Structures are given as C-alpha cells and as structure tokens.
Amino acid sequence: MDDGGINTVLCSVYNSAKLDHYWNHVREIPDKGLLVSLHHSLEKSAEFEIYDVSSKDIKRVYSSDQYQGGCFFLHGLVEFNFLAGCVLVVGLGAITYSARRNIMAVIPLCKSVGYHLFEFGKDKNFQISLLRRAKWQSKHTGNDPAS
Amino acid sequence: MDLNPEGSLMVSLDWAGMCLFSNVEDDRLLKDVALGVGGGNYHSSIGKDKTFLPLKRPNITVQVESYRRTNNVHQISLE
C-alpha cells in the first residue's frame, strides 16, 4: 500500500472514531464590502468563498481551490495501541486581514505551510491573488502536548 | 493567527501553546514565547501534567504593545 493509501485508511479510521472536526469562520472585509467564509475540516481540507455584500444583491465573487495537506502525527492514540500514523491536517482555521496592506492570511498546512497570503486588488473591481505560501515555523509542532 | 494593523507582523499560536512572532515579508522568526496554554479552539492543556481544560475559546490573548520597524518585538503582555 502506498503512502496515499495508508493515509486514506488512517483518515477513515480517524473519522470513524468520531474525532473529525469542522469549523466555519466568517470575516467581514469592511473597507471592501466583502465577506470571507472559510470552511475547515480539520483532517481533510479547507476552502473559502468571498461574497460581495456591498449591496442587497449579495453575490459570490470568488471560490478558492480546495487546500489539502499537512501532516499530523497521531501520537496521542499510540498510548492506547490504537493507531499511529500521519493524517492530512489543515487545522481549525483562522482569518486575519490587514486593511493597510490589503492582505489576508488563511489556511495553514500543518508542518508544511504557515499560511496562505492573499492580496486584494485596490481597484473597485474585485481581484484577489495568492501572494505566497509562508514557511511553516519549525517551532510550531502542530501537536497537542497533552495527548 | 493574527496580523498586526500594519500587516508586517504575524502572530501565531499552536495547540502546544507556542506563540510565534514572524516577519510577514520573509517569514523570519522574530520571537517565540511558550505560553503553556494551548491555542487550539477545541481543547488545551497546562504544562506537561496532561490536565485537559475544555476551552472552546482560550481566554488568553497576546498583545503586541509595539513593533518597531527594526523588527524587534520588545514588549509583550498577556491578558
């Protein structure tokens, strides 16, 4: 079985143990009349959509790619001889935005990407572009020390 | 994670309670602070005694009092 297959099985077992978590985050970008809706499935993927809420006719103006990746070692379950392995993890998610620089950071990939940094265009017409993927800081283990 | 208003500094907190301050431009690590309280929204822990604290939202925030253009984080307070 290749690594992808192993990860699939591990994810399946992990999910069947009812340990999966889903989080939604919503953040207004007030100076642009936009709303960012971010969906994180902890051990699967993350994606976000952006809505133009500047008028009564709310419309979706952007749908991101689906981001998958990261590696989370299930050492907490090893103690119970239940499972040991690595699953894809995108974290619980957060949105942060700087109005001065028109940049937004979202979606870390555990042990891989610290966050994805997007830039909004300064024109009235909606524009967004991925500036770069920040480096994962090695001091962030991503793991829960209590497990 | 959170950006400072200028968009030059990223503050990130992981489940292990490690709070990192990094430069947005080049990801350079400026300062790390071990808070001892995890930043995960689901649960947290204190120290190494494996005591679980069910925290939906950790009642801890990190404020950067000031951030010089020299990239020195020189004062941090916890609330």
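**Exercise 1.** In which loop of chain A is Asp57(A) found?

*Solution.* Asp57(A) lies in the loop between β3 (45-52) and β4 (59-63) of chain A, where strands (E, at least two residues) and helices (H or I, at least four) are DSSP runs numbered from the N terminus. The model is a predicted one, in which local features need pLDDT of at least 70, side-chain atom pairs count only at pLDDT 80 or more, and totals for chains, interfaces and linings use all residues. Residues are numbered from 1 along each chain as its sequence is written, while chains are lettered from A and ligands numbered from 1 in the order in which they are written.

**Exercise 2.** Decide whether Asp57(A) is buried or exposed.

*Solution.* A residue is buried if 20 or more other C-beta atoms, placed from the backbone, lie within 10 Å of its own, exposed if 12 or fewer, and partly exposed in between. Asp57(A) has 7 such atoms within 10 Å, and is therefore exposed.

**Exercise 3.** Explain why strand β9 of chain A is largely enclosed by the rest of the structure, and identify its pairing partners.

*Solution.* Begin with burial: 6 of the 8 residues of β9 (residues 113-120) are buried, so the strand is largely enclosed. Turn next to pairing, which requires that DSSP find at least two bridges between two strands. Strand β8 (residues 103-106) of chain A pairs with β9(A) in the antiparallel sense over 4 bridges, with Met104(A) standing opposite Phe118(A). Strand β10 (residues 128-135) of chain A also pairs with β9(A) in the antiparallel sense, over 6 bridges, and here Val113(A) has Lys135(A) as its bridge partner.
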